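Good morning, colleagues. Please take a moment with the sequence and the model on the screen, and then I shall turn to charged side chains.

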Amino acid sequence: MMLFSRNNNKLAPGIEEKIKKYRRMGCTVPTRKMIKNEEQIAGIRESSKINTGVLDHVAQHIKAGMSTEDVNTLVHEYTLAHGAIPAPLNYEGFPKSVCVSINEEVCHGIPSKDVILRDGDIVNVDVSTIYNGYFSDASRMFLIGDVSPERRRLVDVTRECLELGIEAARPWGFLGDIGEAIQEYAESNGYSVVREFCGHGVGIEFHERPEVEHVGRRGTGMLLVPGMIFTIEPMINMGKPGIFIDEENGWTVITEDEKPSAQWENTILITEAGVERLTW
Ligand code: MF3
Ligand code: CO
(Lines give C-alpha, C1' and ligand atoms only; values in the text may rest on other atoms or scores of the structure.)
(Ligands and ions follow the chains in the order given, each with its own letter.)
Protein backbone atom coordinates (compact mmCIF):
# COMPACT_ATOMS: atom_id res chain seq x y z
CA MET A 1 0.00 0.00 0.00
CA MET A 2 1.22 3.51 -0.85
CA LEU A 3 1.34 5.36 2.45
CA PHE A 4 3.06 8.42 1.09
CA SER A 5 2.77 10.09 -2.28
CA ARG A 6 5.90 11.14 -4.10
CA ASN A 7 5.38 14.73 -3.05
CA ASN A 8 5.29 14.18 0.70
CA ASN A 9 8.15 15.61 2.65
CA LYS A 10 9.12 12.40 4.40
CA LEU A 11 12.88 12.26 4.66
CA ALA A 12 15.14 9.30 4.00
CA PRO A 13 15.72 7.67 7.42
CA GLY A 14 19.48 8.28 7.39
CA ILE A 15 18.93 12.00 6.85
CA GLU A 16 16.30 12.24 9.59
CA GLU A 17 18.69 10.61 12.09
CA LYS A 18 21.59 12.82 11.11
CA ILE A 19 19.53 15.99 11.54
CA LYS A 20 18.48 14.79 15.00
CA LYS A 21 22.11 14.18 15.92
CA TYR A 22 23.05 17.74 14.94
CA ARG A 23 20.03 19.15 16.77
CA ARG A 24 21.08 17.33 19.96
CA MET A 25 24.53 18.92 19.52
CA GLY A 26 22.81 22.33 19.68
CA CYS A 27 22.89 23.20 15.96
CA THR A 28 20.17 25.20 14.23
CA VAL A 29 18.62 22.76 11.76
CA PRO A 30 16.28 23.38 8.82
CA THR A 31 12.53 22.87 9.16
CA ARG A 32 10.82 20.20 7.04
CA LYS A 33 9.53 22.83 4.62
CA MET A 34 13.08 23.90 3.79
CA ILE A 35 13.91 20.39 2.54
CA LYS A 36 12.42 19.81 -0.89
CA ASN A 37 11.27 16.41 -2.16
CA GLU A 38 12.08 14.98 -5.60
CA GLU A 39 8.92 16.28 -7.24
CA GLN A 40 9.51 19.81 -5.94
CA ILE A 41 13.19 19.68 -6.96
CA ALA A 42 12.20 18.63 -10.49
CA GLY A 43 9.74 21.53 -10.70
CA ILE A 44 12.22 24.10 -9.42
CA ARG A 45 14.84 22.73 -11.84
CA GLU A 46 12.46 23.32 -14.78
CA SER A 47 11.65 26.83 -13.58
CA SER A 48 15.38 27.51 -13.26
CA LYS A 49 16.00 26.46 -16.87
CA ILE A 50 13.54 29.07 -18.10
CA ASN A 51 15.09 31.64 -15.77
CA THR A 52 18.51 30.93 -17.30
CA GLY A 53 16.97 31.26 -20.76
CA VAL A 54 15.61 34.69 -19.86
CA LEU A 55 19.06 35.88 -18.73
CA ASP A 56 20.69 34.46 -21.89
CA HIS A 57 18.07 36.33 -23.93
CA VAL A 58 18.88 39.57 -22.09
CA ALA A 59 22.61 38.93 -22.61
CA GLN A 60 22.06 38.69 -26.38
CA HIS A 61 20.22 41.99 -26.65
CA ILE A 62 21.27 44.39 -23.90
CA LYS A 63 23.23 47.39 -25.21
CA ALA A 64 23.90 51.10 -24.85
CA GLY A 65 20.98 53.32 -25.83
CA MET A 66 18.37 50.86 -24.67
CA SER A 67 16.09 51.91 -21.80
CA THR A 68 15.64 49.75 -18.71
CA GLU A 69 11.97 49.50 -19.81
CA ASP A 70 13.27 47.79 -22.97
CA VAL A 71 15.06 45.26 -20.74
CA ASN A 72 11.76 44.74 -18.91
CA THR A 73 10.04 44.06 -22.25
CA LEU A 74 12.71 41.49 -23.20
CA VAL A 75 12.20 39.67 -19.89
CA HIS A 76 8.42 39.92 -19.84
CA GLU A 77 7.84 38.69 -23.39
CA TYR A 78 10.39 35.86 -23.29
CA THR A 79 8.99 34.61 -19.97
CA LEU A 80 5.37 34.58 -21.18
CA ALA A 81 6.40 32.96 -24.48
CA HIS A 82 7.83 30.07 -22.44
CA GLY A 83 4.64 29.55 -20.46
CA ALA A 84 6.03 31.15 -17.31
CA ILE A 85 5.31 34.21 -15.14
CA PRO A 86 7.81 36.89 -14.09
CA ALA A 87 7.82 36.62 -10.27
CA PRO A 88 8.61 40.29 -9.53
CA LEU A 89 5.49 41.62 -11.31
CA ASN A 90 3.08 42.79 -8.58
CA TYR A 91 5.23 41.11 -5.90
CA GLU A 92 4.52 43.20 -2.79
CA GLY A 93 3.53 45.97 -5.17
CA PHE A 94 6.65 45.87 -7.38
CA PRO A 95 5.40 47.34 -10.68
CA LYS A 96 7.62 45.58 -13.27
CA SER A 97 8.75 42.12 -14.39
CA VAL A 98 12.45 42.43 -13.56
CA CYS A 99 14.83 44.46 -11.39
CA VAL A 100 17.43 46.47 -13.32
CA SER A 101 19.99 48.23 -11.15
CA ILE A 102 22.68 50.51 -12.61
CA ASN A 103 26.03 51.58 -11.05
CA GLU A 104 25.35 52.94 -7.53
CA GLU A 105 21.97 51.16 -7.43
CA VAL A 106 22.47 48.06 -5.26
CA CYS A 107 19.26 46.23 -6.20
CA HIS A 108 15.52 46.59 -6.89
CA GLY A 109 15.92 49.14 -9.67
CA ILE A 110 12.54 49.70 -11.36
CA PRO A 111 12.61 49.63 -15.17
CA SER A 112 11.69 52.95 -16.80
CA LYS A 113 11.62 54.32 -20.33
CA ASP A 114 13.44 57.37 -18.96
CA VAL A 115 16.50 55.42 -17.79
CA ILE A 116 18.87 54.81 -20.69
CA LEU A 117 21.84 52.42 -20.54
CA ARG A 118 25.02 54.33 -21.28
CA ASP A 119 28.55 53.49 -22.28
CA GLY A 120 30.53 52.61 -19.12
CA ASP A 121 27.53 51.50 -17.03
CA ILE A 122 27.54 48.29 -15.00
CA VAL A 123 24.04 46.84 -14.82
CA ASN A 124 22.50 44.12 -12.69
CA VAL A 125 19.53 42.31 -14.24
CA ASP A 126 17.74 40.24 -11.58
CA VAL A 127 15.32 37.69 -13.06
CA SER A 128 12.89 35.53 -11.10
CA THR A 129 10.52 33.06 -12.72
CA ILE A 130 7.38 31.13 -11.74
CA TYR A 131 6.81 28.01 -13.83
CA ASN A 132 4.15 25.46 -12.98
CA GLY A 133 3.96 27.10 -9.54
CA TYR A 134 7.71 26.73 -8.85
CA PHE A 135 10.05 29.71 -8.30
CA SER A 136 13.64 30.33 -9.41
CA ASP A 137 15.87 33.38 -9.02
CA ALA A 138 19.19 34.55 -10.53
CA SER A 139 20.95 37.72 -11.56
CA ARG A 140 23.96 38.71 -13.64
CA MET A 141 25.96 41.85 -14.24
CA PHE A 142 26.26 43.27 -17.73
CA LEU A 143 28.98 45.67 -18.92
CA ILE A 144 27.68 48.38 -21.26
CA GLY A 145 30.27 49.39 -23.86
CA ASP A 146 33.64 50.49 -22.57
CA VAL A 147 33.69 50.03 -18.77
CA SER A 148 36.52 51.36 -16.58
CA PRO A 149 39.01 48.82 -15.17
CA GLU A 150 37.95 49.91 -11.66
CA ARG A 151 34.31 48.99 -12.29
CA ARG A 152 35.21 45.81 -14.16
CA ARG A 153 37.25 44.65 -11.17
CA LEU A 154 34.22 45.18 -8.90
CA VAL A 155 32.05 43.09 -11.23
CA ASP A 156 34.70 40.33 -11.45
CA VAL A 157 35.37 40.16 -7.71
CA THR A 158 31.61 40.05 -7.00
CA ARG A 159 31.23 37.14 -9.42
CA GLU A 160 34.10 35.38 -7.67
CA CYS A 161 32.33 36.03 -4.34
CA LEU A 162 29.31 34.12 -5.67
CA GLU A 163 31.52 31.29 -6.94
CA LEU A 164 33.36 31.04 -3.62
CA GLY A 165 30.03 31.05 -1.78
CA ILE A 166 28.77 28.18 -3.95
CA GLU A 167 32.04 26.28 -3.43
CA ALA A 168 31.73 26.72 0.34
CA ALA A 169 28.23 25.18 0.38
CA ARG A 170 28.10 21.44 1.12
CA PRO A 171 25.78 18.97 2.84
CA TRP A 172 26.30 18.89 6.62
CA GLY A 173 28.15 22.20 6.46
CA PHE A 174 26.70 25.49 7.71
CA LEU A 175 25.34 28.72 6.27
CA GLY A 176 28.20 30.59 7.97
CA ASP A 177 30.66 28.73 5.71
CA ILE A 178 29.13 30.58 2.74
CA GLY A 179 29.01 33.94 4.51
CA GLU A 180 32.61 33.82 5.64
CA ALA A 181 33.91 32.79 2.20
CA ILE A 182 32.16 35.76 0.58
CA GLN A 183 33.00 38.32 3.25
CA GLU A 184 36.65 37.30 3.43
CA TYR A 185 37.16 37.61 -0.33
CA ALA A 186 35.21 40.87 -0.75
CA GLU A 187 36.93 42.62 2.14
CA SER A 188 40.42 41.38 1.25
CA ASN A 189 39.84 43.04 -2.14
CA GLY A 190 39.05 46.33 -0.43
CA TYR A 191 35.27 46.13 -0.93
CA SER A 192 32.37 45.91 1.50
CA VAL A 193 29.39 43.56 1.82
CA VAL A 194 25.82 44.90 2.02
CA ARG A 195 24.22 43.53 5.20
CA GLU A 196 20.55 44.52 4.79
CA PHE A 197 19.71 42.09 1.95
CA CYS A 198 20.37 38.36 1.97
CA GLY A 199 19.97 35.24 -0.10
CA HIS A 200 16.93 33.14 0.73
CA GLY A 201 15.21 29.83 0.41
CA VAL A 202 13.29 29.66 -2.88
CA GLY A 203 11.08 27.27 -4.83
CA ILE A 204 7.63 26.93 -3.32
CA GLU A 205 7.53 30.66 -2.66
CA PHE A 206 9.65 33.56 -3.94
CA HIS A 207 11.29 34.25 -0.59
CA GLU A 208 11.43 31.45 1.97
CA ARG A 209 13.52 30.85 5.02
CA PRO A 210 16.41 30.54 5.67
CA GLU A 211 18.05 33.93 5.20
CA VAL A 212 21.43 33.40 3.57
CA GLU A 213 23.79 36.06 4.87
CA HIS A 214 26.82 37.09 2.85
CA VAL A 215 28.92 37.61 5.97
CA GLY A 216 29.54 35.18 8.81
CA ARG A 217 31.80 32.68 10.50
CA ARG A 218 32.53 29.14 9.36
CA GLY A 219 30.81 26.42 11.37
CA THR A 220 28.01 28.76 12.53
CA GLY A 221 24.44 29.31 11.35
CA MET A 222 21.96 26.80 10.04
CA LEU A 223 22.99 23.26 9.14
CA LEU A 224 22.92 22.54 5.38
CA VAL A 225 20.94 19.40 4.52
CA PRO A 226 20.41 17.64 1.16
CA GLY A 227 17.20 18.92 -0.45
CA MET A 228 17.62 22.55 0.65
CA ILE A 229 17.28 25.06 -2.21
CA PHE A 230 18.34 28.65 -1.72
CA THR A 231 19.91 31.62 -3.44
CA ILE A 232 23.33 33.13 -2.87
CA GLU A 233 23.32 36.75 -4.06
CA PRO A 234 26.12 38.90 -2.68
CA MET A 235 25.79 42.66 -3.07
CA ILE A 236 29.32 44.09 -2.98
CA ASN A 237 30.07 47.83 -2.73
CA MET A 238 33.19 49.54 -4.04
CA GLY A 239 33.03 51.95 -1.08
CA LYS A 240 31.27 51.72 2.25
CA PRO A 241 28.56 49.14 3.01
CA GLY A 242 25.82 51.68 3.87
CA ILE A 243 22.69 51.87 1.73
CA PHE A 244 19.42 53.80 1.60
CA ILE A 245 16.10 53.24 -0.15
CA ASP A 246 14.89 55.70 -2.79
CA GLU A 247 12.06 57.64 -1.14
CA GLU A 248 10.34 58.37 -4.44
CA ASN A 249 9.65 54.80 -5.46
CA GLY A 250 10.09 53.03 -2.09
CA TRP A 251 12.08 50.20 -3.75
CA THR A 252 15.41 51.07 -5.26
CA VAL A 253 18.37 50.45 -2.96
CA ILE A 254 21.30 52.86 -3.47
CA THR A 255 24.76 53.10 -1.90
CA GLU A 256 25.00 55.85 0.71
CA ASP A 257 28.36 57.04 -0.67
CA GLU A 258 26.99 56.75 -4.24
CA LYS A 259 29.92 54.56 -5.26
CA PRO A 260 29.17 51.57 -7.53
CA SER A 261 27.77 48.26 -6.32
CA ALA A 262 27.61 44.86 -8.03
CA GLN A 263 25.60 41.67 -7.52
CA TRP A 264 25.49 38.14 -8.94
CA GLU A 265 22.88 35.59 -7.88
CA ASN A 266 22.26 31.88 -8.37
CA THR A 267 19.81 29.32 -7.02
CA ILE A 268 21.50 26.16 -5.70
CA LEU A 269 20.40 22.75 -4.42
CA ILE A 270 22.27 20.97 -1.62
CA THR A 271 22.64 17.31 -2.64
CA GLU A 272 24.01 14.29 -0.79
CA ALA A 273 27.17 14.56 -2.90
CA GLY A 274 27.65 18.34 -2.87
CA VAL A 275 25.87 21.13 -4.71
CA GLU A 276 23.79 21.26 -7.89
CA ARG A 277 23.65 24.66 -9.45
CA LEU A 278 20.10 25.18 -10.73
CA THR A 279 20.60 28.57 -12.39
CA TRP A 280 23.40 30.32 -14.28
N1 MF3 B 1 14.95 39.18 -7.22
C2 MF3 B 1 15.17 39.74 -5.90
C3 MF3 B 1 15.90 38.69 -5.11
O4 MF3 B 1 16.92 38.28 -5.55
C5 MF3 B 1 13.88 40.12 -5.26
C6 MF3 B 1 13.24 41.21 -5.93
S7 MF3 B 1 11.74 41.54 -5.20
C8 MF3 B 1 11.05 42.52 -6.36
O9 MF3 B 1 15.50 38.19 -4.10
F10 MF3 B 1 9.83 42.68 -6.01
F11 MF3 B 1 11.74 43.64 -6.39
F12 MF3 B 1 11.12 41.93 -7.51
CO1 CO C 1 16.93 36.40 -4.61
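Arginine 195 counts as partly exposed in this predicted model, because its relative accessibility is 41%, in between the limits of 20% for buried and 50% for exposed. Glutamate 187, at 37% relative accessibility, likewise counts as partly exposed. The side chains of arginine 195 and glutamate 187 meet in a salt bridge, with 3.9 Å from N to O. Elsewhere, Glu180, Arg217 and Arg218 are joined into one network by salt bridges that share partners.

In general, side chains of opposite charge can pair when their charged atoms come close. For the chain, the count comes to 13 salt bridges, and I shall discuss two further examples.

The first example is lysine 33 with glutamate 205, where the closest N and O atoms are 2.3 Å apart. Lysine 33 sits in the loop between H1 and helix H2 (38-61), while glutamate 205 sits in the loop between strand E7 (199-201) and strand E8 (208-212), so this pair ties together parts that are 172 residues apart in sequence. Lysine 33 is partly exposed, with a relative accessible area of 43%, and glutamate 205 is also partly exposed, at 37%.

The second example lies within one element. Lysine 20 and glutamate 17 both belong to helix H1 (residues 13-24), 3 residues apart, which is about one turn of the helix. Their salt bridge has its closest N and O atoms 3.9 Å apart. Lysine 20 is partly exposed, with a relative accessible area of 34%, as is glutamate 17, with 45%.

What is the nearest side chain of opposite charge to glutamate 233? It is lysine 36, 14 Å away; glutamate 233 is buried yet has no salt bridge. Glutamate 233 lies in the loop between strand E9 (229-232) and strand E10 (235-237). Leaving aside residues up to four places away in sequence, glutamate 233 touches Asp137, Cys198, Gly199, His200, His214, Gln263, Trp264 and Glu265.

Let me close with the chain as a whole. It has 5 helices and 15 strands. With 280 residues, a compact globule would have a radius of gyration near 19 Å, and the chain agrees, at 19 Å. Of these 280 residues, 55% count as buried. Among contacts with a separation of 6 or more, 71% come from residues 24 or more positions apart. Finally, the mean positions of the 29 positive and 42 negative charges are 8 Å apart.

Terms used
Residues numbered from 1 in each chain as written. Chains lettered and ligands numbered in written order. Predicted model: local features only at pLDDT ≥ 70, side-chain atom pairs only at ≥ 80, totals over all residues. Heavy atoms only, no water. Helix = DSSP H or I, 4+ residues; strand = E, 2+ residues; numbered from the N terminus. Rg over C-alpha atoms; globule rule 2.2 N^0.38 Å. Buried < 20%, exposed > 50% of the residue type's maximum accessible area, 1.4 Å probe, protein only. Contact = heavy atoms within 4.5 Å. Lys, Arg positive; Asp, Glu negative; His and termini not counted. Charge placed at Lys NZ, Arg CZ, Asp CG, Glu CD. Salt bridge = Lys/Arg side-chain N within 4 Å of Asp/Glu carboxyl O.
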